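Student: I'm new to this structure and would love a close look at just one part of it. Could you walk me through it slowly?

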Amino acid sequence: MGAVTTTSHVAFRSAAPSRSDARTQSDHPDASDPDGPPPPPQVALSPAERAVVSSAEHALLDERRLLSAEELAALAALPDGAVMALASLAHQVRLAWCGPEVEIEGILSAKTGGCPEDCHFCAQSSRFDTPVKATPFLDPADVLAAARETAALGASEFCIVLAVRGPDERTIQRILDLVPLIRDETGLNVAVSAGILSEDQARRLAEGGVHRYNHNVETARSHFPSIVSTHSWDERAETCRLVKAHGMELCCGALINVGESDAQRVELLTQLQELEPTEVPVNFLNPRPGTPLGDQPILGAWEAIRWIALFRLALPSVILRYAGGREVTLRDLQAIGMTAGINALIVGNYLTTLGRSAEEDLQMLDDLRMPIGALTAAL
Ligand code: SF4
């Protein structure tokens, strides 16, 4: 991948990597510094600030073109009083580019823990002393049972997730055995997340009926070495390219609040634009005890809404999915995220943390009058 240029002439509200972390100290009820800065002021936008939003609206809704790095940086630099304007525009963009449906997915950790990689946020790494212990590959009957439960919720997608650097031959065979079983019995599209792939593995998974392959780049290329040392961002991006080259849909997610700066978040957005995923799951760091990022403050909810909106504005046509960390990060603002660009949910539990109940999420969609449907064909 060529180097991606991010803006050098748009000033972010603060250049420090932890601008939003500092805000988090005051936002989060667990914040340890009660004398920290007060919550952000909500002030009306200036004409110049409103013009930045209007320009993005024109580009996305009238010209129907992607925003540049400079335009995204200008939106990211707007003050807190602009967050609802960003969210409102993101919702319109989502409706115009994707329609009203919300896609529901269940995920199952079919092989948990014991991963040799050192992703600093991950409780499944064998390099950190975390409460997550390694388990073998689940029995096919258990995987099928989870798929049936997922289908009963009205979901269209079921993702089998494995904590591995990449799949070995035995793992590939197990996946290839499971995919038709699940698809034929439940009618669900089957997605897989099994790490870095070789060209041959990507081809075999595609031929075996894997509908979508998840491989997150997590963060900006420039920040990746700060959070992972055992493989590179480019290795991840190469697997993303192989997934698309062999005809699977690419699901390529982000993890926000791992020490990256605002400029690096914009960098990530432009890198995702280049990778052209079908789906982008947005994860917020839920700090896991024992990991190097275990003491990182949780991102402020208002800041999270800003970045959900920016993801939609940068990636107007993708399936933008709420993924891990939304409950602890957004708390009472989860429904606002649904009107700030999100159009897909992971329901139930995540890989190593509990999500809120599927019933609560389905009620939220009902309250928002958002229909459930598969988005694959629509986009
Ligand atoms: S994020 Fe994936 S590759 Fe990294 S340690 Fe966790 S399971 Fe392994």
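Student: In strand E8 (residues 319-322), which residues point one way and which the other way, and are they buried or exposed?

Tutor: Happy to help! Keep in mind that this is a predicted model. In strand E8, Ile319 and Arg321 point one way, while Leu320 and Tyr322 point the other way. All of these residues are buried. In a regular strand, side chains alternate between the two faces of the sheet.

Now look at what lies beside the strand. E8 runs parallel to strand E7 (residues 279-284), and 4 bridges join the two. Leucine 320 in E8, for instance, is the bridge partner of valine 280. E8 also runs parallel to strand E9 (residues 344-346), to which 2 bridges join it. Here arginine 321 has alanine 344 in E9 as its bridge partner.

How does the chain get from E7 to E8? Helix H11 (residues 301-314) belongs to this path: E7, H11 and E8 make a right-handed β-α-β unit.

Let's finish with a residue from another helix. Leucine 269 sits in helix H10 (residues 262-275). Leucine 269 counts as buried because 26 other C-beta atoms lie within 10 Å, and the cut-off for buried is 20 or more. Leaving aside neighbours within four places in sequence, leucine 269 is in contact with Leu72, Leu310, Phe311 and Ala314. Along the chain, leucine 269 and alanine 314 are 45 residues apart, yet their C-alpha atoms are separated by 6.3 Å.

Conventions: Residues are numbered from 1 along each chain as its sequence is written. This is a predicted model: local features need pLDDT of at least 70, side-chain atom pairs count only at pLDDT 80 or more; totals for chains, interfaces and linings use all residues. A residue is buried if 20 or more other C-beta atoms lie within 10 Å of its own, exposed if 12 or fewer, and partly exposed in between; C-beta atoms are placed from the backbone. Two strands pair if DSSP finds at least two bridges between them. A crossover is right-handed if, with the strands pointing away from the viewer, the path from the first strand over the helix to the second runs clockwise. Two residues are in contact if their C-beta atoms, placed from the backbone, lie within 7 Å.
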